[in-house]
Amino acid sequence: MEQKLDLQKYKKLLLNERDRIELEHRVLSASAAEEGYELADYDNHPADAASDTYERTKDLAIDENYREILDRISDALKKIDNESYGQCDRCGKAIHPNRLRAIPYATLCIECQETLERR
Ligand SMILES: [Zn+2]
């Protein structure tokens, strides 16, 4: 018999994860902004200007990473609402509850994830 997932529990996990990530992102952005002010003092120095660009590129990558996770969380929340949560996007099988507890926004079962990573 197939066991039904306790969707409300996963919804709570997802909301907690979203709060945690948003907080973490805010803290990171704030410290990145501080670093930006320090670098601005050396604006006329070519080497520092280069590392400034590097830092900005790094910040953008972090932003993108967070946006992607937040997107996945909101997708997962939508899936909870239409009761398709916990199914693998690739093979349609149920994702193992242990995996969902660790990564509540996982969209692939462990087998598919490993197949994709091997490629
Ligand atoms: Zn799968």
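Two residues are in contact here if their C-beta atoms, placed from the backbone, lie within 7 Å. The exercises below apply to a predicted model.

**Exercise 1. Determine which residues Leu14 contacts once its sequence neighbours are set aside, and place Leu14 in the nonpolar core.**

Solution. Begin by leaving out the residues within four places of Leu14 in sequence; the contacts that remain are Ile73, Ala76, Leu77, Pro104 and Tyr105. Next, consult the largest nonpolar core, which has 8 residues in all, made up of Tyr10, Leu14, Ala76, Tyr85, Ile95, Leu100, Tyr105 and Cys109. Leu14 therefore belongs to this core together with Ala76 and Tyr105, and these two residues are also among the contacts of Leu14.

**Exercise 2. Classify Ala76 as buried or exposed, and describe its surroundings.**

Solution. The first step is to locate the residue, and Ala76 is found in helix α2, which spans residues 46-81. The second step is to count neighbours: Ala76 has 23 other C-beta atoms within 10 Å, and it is therefore buried, since the cut-off for that class is 20 or more. The third step is to list its contacts, and when residues up to four places away in sequence are not counted, Ala76 touches Leu14, Tyr85, Pro104 and Tyr105. Finally, consider Tyr10, which is 66 residues from Ala76 in sequence, although their C-alpha atoms are 9.3 Å apart in space.

**Exercise 3. Compare the exposure classes of Asp81, Glu83 and His96, working from their C-beta neighbours within 10 Å.**

Solution. Take Asp81 first: it lies in helix α2, and because it has 10 C-beta neighbours inside 10 Å, it counts as exposed. The C-alpha atom of Asp81 is separated by 9.8 Å from that of Gln8, a residue 73 positions away along the chain. Glu83 is placed in the loop between α2 and α3, the latter covering residues 97-102; with 11 other C-beta atoms within 10 Å, Glu83 is exposed. The backbone of Glu83 deserves a separate remark, as its phi is near 60°, a positive value in a residue other than glycine. His96 is also placed in the loop between α2 and α3, but with 15 other C-beta atoms within 10 Å it is partly exposed. Beyond residues up to four places away in sequence, His96 touches Cys109 and Ile110, and the C-alpha atoms of His96 and Cys109 are 7.0 Å apart, with their positions 13 residues apart in sequence.

**Exercise 4. Summarise the chain as a whole: how many helices and strands are there, and what share of residues is buried?**

Solution. Counting elements gives 4 helices and 0 strands, and reading along the sequence gives the pattern α-α-α-α. Of the 119 residues of the chain, 8% count as buried. As for contacts with a separation of 6 or more, 54% join residues 24 or more positions apart.

Definitions and conventions. Residues are numbered from 1 along each chain as its sequence is written. This is a predicted model: local features need pLDDT of at least 70, side-chain atom pairs count only at pLDDT 80 or more; totals for chains, interfaces and linings use all residues. A nonpolar core is a set of buried Ala, Val, Leu, Ile, Met, Phe, Trp, Tyr and Cys residues joined through C-beta atoms within 7 Å. A residue is buried if 20 or more other C-beta atoms lie within 10 Å of its own, exposed if 12 or fewer, and partly exposed in between; C-beta atoms are placed from the backbone. Helices (H or I, at least four residues) and strands (E, at least two) are DSSP runs, numbered from the N terminus.
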